[in-house]
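Student: I would like a close look at a single part of this model. Please take it step by step and keep it brisk.

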Amino acid sequence: NPALEIDRIGVVGSGKSGAWVAANCGLSVEVVDSDEANSTSYNVLADCDLILEPATENECSTTTLFSKLADIVKPDAIFAGCTLTPSISDLAKFAPAADRFVGIHFCPPIDQMPLVEIIPTALTSDETIATAVALAKRIGKTPLVVRNCPGSLVNRILMPYLAESSRLLAE
């Protein structure tokens, strides 16, 4: 399936991921600070094509956010969780539409690391995956589609190397 065209991004949370996207993606971006958000402030996200939720690693907060946004955003908007905990699959259960939910994890440090992990669930549509990949490329990042599991791919690869280097040092 071809990717959807993303013209407007909504970012809930002005943390490092959200701030970087807002400042560097070259697209129209609406940012709602999660600490100051209320139902009225979410209205600025109504016309966004994709909503990034990098604000929290708290499942309860994220599920509450999704329920608030479900009646505000466009029916075909894509939701993207930027967290690695809780699981992307767990968060998808609470998204307005599971087929339009995907994980987009910006590998830190965001301003220097080109890698973005695209994390689909079993229910994520091919169109949503293609859209996330196209968006990552459009904002100058290198997308890597990975399966949903604990931790980032970078850390899953890095940790064995660090363990081995510690063993070599000890020898």
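Student: In what order do the seven strands form the open sheet, and is the pairing mixed? Then please take helix H4 (residues 126-138) in detail.

Tutor: Keep in mind that this model is predicted. Start with the setting. The chain has five helices and seven strands. Read from the N terminus, its elements run β-α-β-β-α-β-α-β-β-α-β-α.

Now the sheet. It is open, its seven strands are ordered S2-S1-S3-S4-S5-S6-S7, and the pairing is indeed mixed. Strand S2 (28-32) and S7 stand at the edges. Each of these two has a single partner strand, so one side of each lacks a neighbour in the sheet. From one strand to the next, the twist averages 25 degrees.

At the S2 edge, S1 and S2 run parallel and are joined by five bridges. Gly-10 has Glu-30 in S2 as its bridge partner.

H4 packs on this sheet. The helix touches S1, S3, S4, S5, S6 and S7. Its direction makes about 155 degrees with that of S7.

Next, the helix geometry. H4 has 13 residues. At 1.5 Å a residue, counted over one less than the number of residues, the expected span is 18 Å. The end C-alpha atoms of H4 are 18 Å apart, which agrees with that expectation.

Which residues of H4 are buried? They are Thr-128, Ile-129, Thr-131, Ala-132, Val-133, Leu-135 and Ala-136. Their cover includes strand S1 (8-12), strand S3 (50-53) and strand S4 (78-81). Strand S5 (101-106), strand S6 (115-119) and strand S7 (142-145) are also part of that cover.

After H4 comes Gly-140. The phi of Gly-140 is positive, near 85 degrees.

Step back to the whole chain. Of its 171 residues, 43% count as buried. Take the contacts between residues at least 6 apart in sequence: 61% of them join residues at least 24 apart. The chain exposes about 8600 Å², and carbon and sulfur atoms supply 53% of that area.

Last, two cysteines. The cut-off for buried is under 20% relative accessible area. Cys-82 has 10% relative accessibility, so Cys-82 counts as buried. Cys-107 has 3%, so Cys-107 counts as buried too. A disulfide would be a covalent bond between the sulfur atoms of two cysteines. With sulfur atoms required to lie within 2.5 Å, the count of disulfides comes to zero.

Definitions and conventions: Residues numbered from 1 in each chain as written. Predicted model: local features only at pLDDT ≥ 70, side-chain atom pairs only at ≥ 80, totals over all residues. Heavy atoms only, no water. Helix = DSSP H or I, 4+ residues; strand = E, 2+ residues; numbered from the N terminus. Buried < 20%, exposed > 50% of the residue type's maximum accessible area, 1.4 Å probe, protein only. Contact = heavy atoms within 4.5 Å. Areas by Shrake-Rupley, 256 points an atom, 1.4 Å probe, with all protein chains shown as cover. Pairing = 2+ DSSP bridges. Axes fitted to C-alpha atoms, helices over the stretch in contact; angles between N-to-C directions.
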